[in-house]
Amino acid sequence: MRLPLSLHPRRRRGAALVCALVLMLAAMLVGISVSRAAFASIAAARAERERGLAYEAAEAALLDAERDIAAVSAGADPARAAQFTPAGTGGFVEGCGRAGSSRGLCLASSPPAWRAQDLADPGNPALVPYGHYTGANMATGKGLLPAQPPAYLIEQIAPPGAGASLGSFYRITAIGFGSQASVRVVLQSVYRKPKPAPPGGAPPGGDASEPDGSESEPSGAGPPDGAGPPDETGSPKGAGRSGPASPTPPAVQLPAGRIAWREIANWPRLHAEATE
């Protein structure tokens, strides 16, 4: 009996090998795609961790600069604290101070110091390393710690419409690093230091308020003379034709301390443009 052509042994030789090779190729492609996705996830997680580390270091430098301005740290240098008083602003110079009690203090200029100065250079004398004036410590250079300490500089600015009664305004620019020095984050904040309060008086610049934060009413506040309960029309009895006076809106209270902040993601490009 003769077998059909489709069942002949010679016609089936090599078919199993081809099928096995196709299946192996498909499995290999699936394995490669899974491996690439896994490595991409690991790289993204590492990059996010590095950026988070640099961000936290930069935020720590901002807080350190604010303590430097407020001179609230134990053992603060009196010469440094005097730089942030109305009588001692001589330390703020163009190009930034580079030594002594004026290190890192810059006058507003064009381009601004935070663009002209190389914030990423650890040897830049115009930068204030973390804890230089406050005595704070930060471990760096090991494992998952920042590669180098964060640093900052402080510019004295005069915002439009801000009079002397509001005190002094400073722009703080800080840089933080990840466990690799090539990963860095630049943060910037505006800090307001109120004018010292006169003896026995309320602090100037809109800082007067009750201890619980509510505003005190002006003396003599209340209904005008001759005004009684409202009549049928809803107007106070005895009120003139002009009607009751409109209440005066409360003055805007500008808080002391940090009043604004931002991240400067494109600082490398801005620095390159300022130094061309």
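User: In this predicted model, which residue in E4 stands opposite Glu-155?

Analyst: Arg-171 in E4 stands opposite Glu-155. The strands concerned are E3, residues 151-157, and E4, residues 168-177.

User: What makes E3 and E4 a pair, and in which sense do they run, parallel or antiparallel?

Analyst: Two strands count as paired if DSSP finds at least two bridges between them. E3 and E4 have seven bridges and are antiparallel, so the criterion is met.

User: Why is E2 called a partner of E3?

Analyst: The cut-off is at least two bridges. Strand E2, residues 128-129, has two bridges to E3, in the antiparallel sense, so the pair qualifies. Val-128 stands opposite Tyr-152 in E3.

User: How many bridges join E1 to E3, and how do the strands run?

Analyst: Three bridges join E1, residues 105-107, to E3, and the two strands run parallel. Leu-105 stands opposite Ile-154 in E3.

User: Why is E3 described as largely enclosed by the rest of the structure?

Analyst: Because seven of its seven residues are buried. Both faces are covered: Ala-151, Leu-153, Glu-155 and Ile-157 lie on one side, with Tyr-152, Ile-154 and Gln-156 on the other.

User: Why does Gln-83 count as buried?

Analyst: Buried means under 20% relative accessible area. Gln-83 has 11% relative accessibility, so it counts as buried. Gln-83 is in the loop between helix H3 (78-82) and E1.

User: What makes the link between the side chains of Gln-83 and Ser-101 a polar contact?

Analyst: The pair of N or O atoms must be within 3.5 Å. For the side chains of Gln-83 and Ser-101 the value is 3.1 Å, so the distance criterion is satisfied.

Conventions
Residues numbered from 1 in each chain as written. Predicted model: local features only at pLDDT ≥ 70, side-chain atom pairs only at ≥ 80, totals over all residues. Heavy atoms only, no water. Buried < 20%, exposed > 50% of the residue type's maximum accessible area, 1.4 Å probe, protein only. Helix = DSSP H or I, 4+ residues; strand = E, 2+ residues; numbered from the N terminus. Polar contact = N/O pair within 3.5 Å; in protein donor to acceptor, adjacent residues only side chain to side chain.
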